[in-house]
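Trainee: Could you take me through one helix of this chain in detail, and say what surrounds it?

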Amino acid sequence: MLYCVSCHAVFSTGTSCPLCHKRNIRQVQDSDLCFFTEQTSVMSSVVEDILKQNGLRFVTRPVYGAAISAVTGTVLESIRFYTPAKYYATACELMDTMFPNALEEYMD
Ligand SMILES: [Zn+2]
């Protein structure tokens with residue numbers, strides 16, 4: 001599997017990242033944090049619960065920076081989820097079960 005250093009996407013083939021279209025890619029390594037889903041702030045708590053129930057390790061990052069949300073005071077609209085490479089396949093299976101075809105929206 002290939003890995004995008006810029007946005008942490010994992011993908012099977014290509015010379016550039018299908019998500020951010022940069023060419024900063026290499027073979028994925030066990031310690032890499034891999035992007036596997038993006039959710040609204042409302043849905044993210046549901047997703048977090050399911051990941052925890054399944055014993056997955058993951059980190060979340062808001063799509064907009066914390067500084068922006070601090071200034072506007074608005075709820076962050078979107079949360080990206082990352083998991084270490086060894087959990088990536090399991091995470092994708094869980095997301096497929098919850099949100100069939102969701103990942104394809106990002107892989108056009
Ligand atoms: Zn990328």
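Mentor: What follows is a close look at helix α3 and its surroundings. The model is a predicted one, in which local features need pLDDT of at least 70 and side-chain atom pairs count only at pLDDT 80 or more, while totals for chains, interfaces and linings use all residues. Residues are numbered from 1 along each chain as its sequence is written.

Helix α3 spans residues 88–98, helices being DSSP runs of H or I with at least four residues and strands runs of E with at least two, numbered from the N terminus. Within α3, Y88, A91 and L94 are buried, that is, 20 or more other C-beta atoms lie within 10 Å of their own, whereas exposed residues have 12 or fewer and partly exposed ones fall in between, with C-beta atoms placed from the backbone. Because these buried residues cover an arc of only 125° around the axis, they sit on the same side of α3, the arc being that of the directions from the helix axis to the C-beta atoms. The face turned away from that buried side carries the exposed residues E93, D96 and T97.

The cover over the buried residues includes β2 (10–11), β4 (33–40), α1 (41–53) and β6 (78–84), where contact requires C-beta atoms, placed from the backbone, within 7 Å. Helix α3 lies across β4 and β6 and runs at about 20° to β4, with axes fitted to C-alpha atoms, for helices over the stretch in contact, and angles taken from 0 to 180 degrees between N-to-C directions. Both strands belong to an open sheet of three strands, ordered β4-β6-β5 with antiparallel pairing, and two strands pair if DSSP finds at least two bridges between them.

Notes: Two residues are in contact if their C-beta atoms, placed from the backbone, lie within 7 Å.
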